[in-house]
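Please explain the structure below, starting with a contact between two helices and then moving out to the chains as a whole.

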Amino acid sequence: MRHTAPLALSAAVLTAGLLGPLLAPADPLASASPAALRLLPPGSRVPALVGSDGALLPLDARGPGSAWRLDGDEIIARLRGGAERRVPLAALARDAAGAPRLTTLRFPLGTDGFGRDLLSRIAAGARVSLAIGLAGILGAALLALAIGLAAGLAGGLVDALLSRAGDAVLSFPRIVLVMVLAAWLAPSAGVLAALLALTGWPALARLVRADARVAARSGLLAAARAAGAGPLRRALVHALPAVLPTLIVAAALRAGSYLLVEASLSFLGFGVPPPHPSWGNIIADGREVLLEAWWVSTLPGLALAAAVLAANYLGDRARAALEPTVRATSPPPR
Amino acid sequence: MAERDTETVWGRRGRRAARVLRRAGAWLVTLLLVLVLVFVLLEAAPGSAVGPGDDPSVSAADRARLEAALGLDRPAPERFARYLRGLLRGDLGTSLSRSRPVAAVLGEALGPTLLLSGTALAAAFALGIALGTRAAARPRGLAAWAVRFGLPALDAAPPFWLGLVAILAFAWKLGWLPASHMRSPAGSGPAAPLDLLAHLALPMGVLALPSAAAVARHQWDAMRRALASPAAATARALGVPERRVIWHHAFRAALQPALVLLGLGLPALVGGAAVVEVVFSWPGLGSLTQRALLARDAPLALGSLLLYALLVLAGGALAELLARRADPRLREEPPR
């Protein structure tokens with residue numbers, strides 16, 4: 001019972017991430033002049049005139065007097081960035097009384113170096129980052145299942161070859177290996193997920209293989225063979241239930257690290273290509289303006305850390321639920 | 001009697017030699033596998049070290065001449081065979097982007113990487129073991145809070161992000177430490193070691209704190225178990241002071257899992273160092289690999305991958321050695 005609240009919170013963080021773009025305000029700046037809205041601090045509000053075509057004219061509300069005044073059938077607007085511009089009233093959206101309609105642009109988390117709303121970017125990046133991480137860990141778990149079962153049940157040469165292949169991958173720091181592979185593959189979200197899976201399976205397959213070997217020596221599989229079950233049936237019907245709990249727990253505990261690898265890759269310049277946002281490349285973009293605008297790099301990093309913590313916590317609970325003999329402790333080292 | 005003893009010794013040595021040989025063989029096979037894989041990928045990828053194929057500022061004749069000079073005009077299998085032959089002689093080829101032997105370039109980067117990873121590893125273990133032990137001894141203290149919440153939170157943050165935040169806070173806002181590189185431009189003379197330490201502090205801390213999380217957690221677990229063990233109870237019953245029970249009796253028994261963790265965590269630490277190096281412009285292997293990849297410098301990229309694999313291997317062997325030293329049981333029955 002005492003775990004309900006954090007459990008719900010963790011699930012909420014991850015769900016909110018995946019649904020991000022639906023929950024966040026639409027990026028209001030598709031048509032506004034972005035240069036005027038560069039690097040606004042979190043909590044900024046900017047008044048803006050609305051064009052009849054829906055375009056936005058951000059006004060400079062600082063300084064004395066109103067940011068706009070009427071002059072005949074034109075409006076003289078003091079725009080953000082300093083310039084004054086005369087805009088015909090006919091080109092603006094107006095309310096019932098005929099006065100130009102004003103709106104307020106809100107940037108709860110500020111804007112980035114291109115004047116884009118950071119909240120929208122983080123929300124859109126959440127889906128990209130989480131989808132790559134989840135697809136990566138799922139792919140790795142499936143590969144590990146197939147390879148680990150084959151190695152553990154077949155033994156002999158098959159086992160030796162598959163285990164060597166796994167060791168080959170494990171003899172490199174993962175991030176370096178992924179970096180080298182990604183550098184030559186023109187990464188997209190799909191390619192990155194595939195790379196995470198291809199470099200992630202060996203650690204999981206070792207566990208599956210160990211469990212499968214235990215199962216292979218047990219009387220259960222011998223009985224199944226005696227009853228005429230073929231190798232595929234023995235693997236999928238008789239061995240699978242024995243290896244599944246360990247695999248699920250190990251995969252859940254590693255999911256967070258997949259998110260970190262994806263983000264690091266973006267930062268190194270081999271991740272999701274811009275302008276598509278991922279948490280990693282938003283942080284990387286913010287590096288160039290770190291001194292003027294701390295929020296661009298810092299806030300998506302916090303979102304990422306929250307997601308990783310949530311994933312780790314869920315993995316811990318999965319372990320407590322599926323492996324009651326093992327007390328829930330820390331996630332394994334990456 | 002004496003004869004049989006000698007025989008056992010020889011048998012044990014023989015088994016150990018066989019095990020080492022088997023491992024080395026398996027490792028060579030895996031390394032070859034990876035080299036082939038990376039080489040094929042380099043082949044399949046668009047673009048080359050000479051630049052994009054449709055660059056109008058480079059004439060076809062110049063391009064052909066350049067490719068011939070770099071040996072890029074030969075068929076791929078031939079180049080791979082030549083690379084392997086060179087490798088056997090210890091020749092890693094010539095870096096395409098720097099026109100220098102790869103081995104020399106790697107040699108310069110190895111020192112800074114070893115310095116950064118080594119100090120971070122030592123710091124992570126010292127901190128993790130100290131905090132884990134303290135947290136077990138005082139379940140409600142600051143150390144326990146750090147082990148349960150503080151370090152895991154740092155471990156969940158991406159390492160490069162921690163680096164950026166550290167630069168922002170400690171280098172720019174507070175101005176305590178330099179933000180990047182390994183030495184100041186004027187960093188020679190008697191103050192050079194201090195200068196190096198100042199440059200080392202931020203990247204080392206950023207690398208060490210998250211790595212300490214897993215160590216601390218395991219040490220905490222092991223210490224709690226050791227303090228609840230019959231051995232600790234016996235020591236207390238005999239009147240041994242609690243401080244001595246903690247540090248003398250329980251601590252040694254609890255050290256074992258942390259040492260195993262050393263070997264398991266090493267690849268992650270070396271990988272983390274690669275990213276942190278890029279953040280802090282640390283002139284190590286990670287920065288080198290990243291730039292080699294951006295420049296499509298295949299010999300340099302292959303060479304640094306190879307060196308990374310060697311580092312992981314050496315680290316694993318070292319951790320196993322330490323674990324055997326700490327736990328006599330491992331010496332009796334070596335795990336496969």
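**A helix contact between the chains**

G280(A), I283(A) and R287(A), which belong to α8(A), meet F160(B), W161(B) and L164(B) of α6(B). By residue type, this contact of α8(A) with α6(B) comprises four nonpolar residues, one polar and one charged. The model in which these residues meet is a predicted one.

Two packed helices are described by the angle between their axes and by the distance between those axes. Here the pair consists of helix α8 of chain A, residues 279–287, and helix α6 of chain B, residues 159–173; they pack at an angle of about 25 degrees, and their axes are 11 Å apart. Because angles under 35 degrees count as roughly parallel, α8(A) is roughly parallel to α6(B). As for handedness, α8(A) and α6(B) cross in a left-handed sense.

Chain B, which contributes α6(B) to this contact, has 12 helices and zero strands in its secondary structure. Its pattern along the sequence is accordingly written α-α-α-α-α-α-α-α-α-α-α-α. Of the 336 residues in chain B, 43% are buried. Taking the contacts in chain B between residues at least 6 apart in sequence, 70% join residues at least 24 apart.

One residue pair in chain B illustrates a wide separation along the chain: L310(B) and L31(B) are 279 residues apart, and their C-alpha atoms are separated by 9.7 Å. L310(B) is part of helix α11 of chain B, which spans residues 298–326. Is L310(B) buried, exposed or partly exposed? Its relative accessibility is 41%, so L310(B) counts as partly exposed, the class that lies between buried, under 20%, and exposed, over 50%.

Chain A, which contributes α8(A), has nine helices and six strands. Buried residues account for 49% of the 334 residues in chain A. Of the contacts in chain A with a separation of 6 or more, 68% are between residues 24 or more positions apart.

The confidence of the prediction can be followed along chain A. The average pLDDT of chain A is 78, and 85% of the residues score at least 70. Where does pLDDT stay under 50 in chain A? One such stretch is residues 26–32, for which the model has 19 contacts beyond four places in sequence. Another is residues 327–334 of chain A, where the pLDDT is below 50 and the model has 24 contacts beyond near neighbours in sequence.

Definitions and conventions: Residues are numbered from 1 along each chain as its sequence is written. Chains are lettered from A and ligands numbered from 1 in the order in which they are written. This is a predicted model: local features need pLDDT of at least 70, side-chain atom pairs count only at pLDDT 80 or more; totals for chains, interfaces and linings use all residues. Side-chain values use heavy atoms; hydrogens and water are left out. Axes are lines fitted to C-alpha atoms, for helices over the stretch in contact, and angles run from 0 to 180 degrees between N-to-C directions. Helices (H or I, at least four residues) and strands (E, at least two) are DSSP runs, numbered from the N terminus. Angles under 35 degrees count as roughly parallel, over 145 as roughly antiparallel, 65 to 115 as roughly perpendicular and the rest as oblique. A crossing is left-handed if the near helix is turned anticlockwise from the far one by less than a right angle, and right-handed if clockwise. Contact means heavy atoms within 4.5 Å. Ala, Val, Leu, Ile, Met, Phe, Trp, Tyr, Cys and Pro count as nonpolar, Asp, Glu, Lys and Arg as charged, and the others, Gly among them, as polar. Buried means under 20% relative accessible area, exposed over 50%, partly exposed in between (1.4 Å probe, protein chains only). pLDDT is the predictor's confidence in each residue, from 0 to 100.
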